[in-house]
Amino acid sequence: MYLMGILPTAVASVLAFPVLSLPAARRRWAGLHLRWAATLRGAGPPPPPTARLDRYLRWLAAHAAIGVPVGLFVLVCLGNALVAAVGAPLWWMFPAADPLRLLVEVAVTGWLSALVLGVAQLAILGALAAAAFPPLAALHARLTLAALAPSAAERLAARVAELTRTRADVLDAHGAELRRIERDLHDGTQARLVAIAMRLAVARQALPDAPPAVADLLRQAHEGTEEAMTELREVIRTMYPPILADQGLAGALRAVAARGGVPADLDVGDLGRVPAAVEAVAYFAVTEALTNVAKHSRARRATVRVSRAGDRLRVEVRDDGDGGAHEDGGTGLAGIRGRAEALDGRLTVTSPPGGPTLVEVELPCGS
């Protein structure tokens, strides 16, 4: 059955070459032959056809060059088998001047010759088909799979593209979840703690003459509630700073630069849409880097630059301090690296003795 489709598709490849070279027709035509070849070879579901036009055109030419003679050979074999099977019993219908001929040129003159020659021709063609058809079909199928299936490099590129799209979806979902948790904690849990702290404060003021044990319990409860609120605010800030939701990354970085302890110049380019998780990592990276500048570098000035190139967000924090920064020095650089690598980003620190220091963070932010 596989070989039966070769001749018409090979002829179609010749006659409709311009049409089959168009992108939409190319994908369908290549996909059809890949399915046939994969089914014949038992290779499971066929891969998507290659996107390379040069490989497709080479296959199209080879398919036409090989398919036409192979298809004609199959057609001749089947036609002669049909003649032997149908024509031999009807030998008597042929005129005596032009009798039925089997085995190429042997004339059929009676029932005995019809039986012998018909069986012989069917046996020879059957043996030829059994010996030649499967190898020819397997050869054509291998050629098709080799020419049309994507190469290892193409499969890797497709996988990388798929992972990039998937990563962008994950980042978006992660960012939405961060914002939801931050909102729930801020509007729910924190609001309840504030209400409890206010009630405890009112209770302490309303019971000035309470027994010492009761007053001490109220004081401890009040102070414990305020400490819990402080810890909760810190958790919210480290999870997804509210300033990011209110002012965006550029506004949040302006606030960080203003209170960084060292004069800092801020340059934020056109960032487009950035996932919330990436915004949070960029914010924490700048915050931690400027904190390091103020605490350790003895710098007079710092520069913060945030830009985007394609699907990568680049954060640079540079200072004119003493240099010598490294991750195992308690400077928080290890934390920046951990946050960046969690999103498949990277951190680069350039800080020779005597300075200057450059902290670079590169983060994926989708397409």
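**Entry 1: the β6–β7 hairpin**

I began with strands β6 and β7, which form a hairpin with six residues between them, and I noted that Gly354 in the turn has a positive phi of about 95°. The model I am reading is a predicted one, so I take each value below as computed from predicted coordinates. I then looked up how the two strands pair: β6, covering residues 346-350, runs antiparallel to β7 and is joined to β7 by five bridges. For a single pair in this ladder I picked Arg346, which stands opposite Glu362 of β7.

**Entry 2: the other partner of β7, and its cover**

Next I turned to strand β5 (residues 312-319), which is also antiparallel to β7 and is linked to β7 by eight bridges. Within that pairing I followed Val315, whose bridge partner in β7 is Val361.

Is β7 mostly covered or mostly open? I found that β7, residues 357-364, is mostly covered, since eight of its eight residues count as buried. I checked the two faces separately: Thr357, Val359, Val361 and Leu363 are buried on one side, while Leu358, Glu360, Glu362 and Pro364 are buried on the other. Val361, the partner of Val315, and Glu362, which faces Arg346, therefore belong to opposite faces of the strand, and both are buried.

**Entry 3: two buried residues in helices**

I looked up His63, which sits in helix α4, and recorded a relative accessible area of 0%, so His63 is buried. I also took its C-alpha distance to Leu143, and the two residues, though 80 apart in sequence, are 8.7 Å apart in space.

Thr225 belongs to helix α7, residues 212-239. Its relative accessible area is 10%, and because the cut-off for buried is under 20%, Thr225 counts as buried. What does Thr225 touch, beyond its neighbours within four places in sequence? I listed contacts with Leu193, Ile196, Ala197 and Leu200. For the polar part of the side chain, I noted that one of its polar atoms lies 2.7 Å from the backbone oxygen of Ala221.

**Entry 4: a nonpolar patch on the surface**

Last, I went to the surface, where Leu82, Val86, Leu90, Met93 and Phe94 form a nonpolar patch with about 470 Å² of accessible area together. From this patch I chose Met93, which is placed in the loop between α4 (53-87) and β1 (101-102). Why does Met93 count as exposed? Its relative accessibility is 54%, and the cut-off for exposed is over 50%, so Met93 falls in that class.

Methods: Residues numbered from 1 in each chain as written. Predicted model: local features only at pLDDT ≥ 70, side-chain atom pairs only at ≥ 80, totals over all residues. Heavy atoms only, no water. Patch = residues over 30% accessible without salt bridge, like charges linked within 9 Å, V, L, I, M, F, W, Y side chains within 5 Å. Areas by Shrake-Rupley, 256 points an atom, 1.4 Å probe, with all protein chains shown as cover. Salt bridge = Lys/Arg side-chain N within 4 Å of Asp/Glu carboxyl O. Helix = DSSP H or I, 4+ residues; strand = E, 2+ residues; numbered from the N terminus. Buried < 20%, exposed > 50% of the residue type's maximum accessible area, 1.4 Å probe, protein only. Pairing = 2+ DSSP bridges. Polar contact = N/O pair within 3.5 Å; in protein donor to acceptor, adjacent residues only side chain to side chain. Contact = heavy atoms within 4.5 Å.
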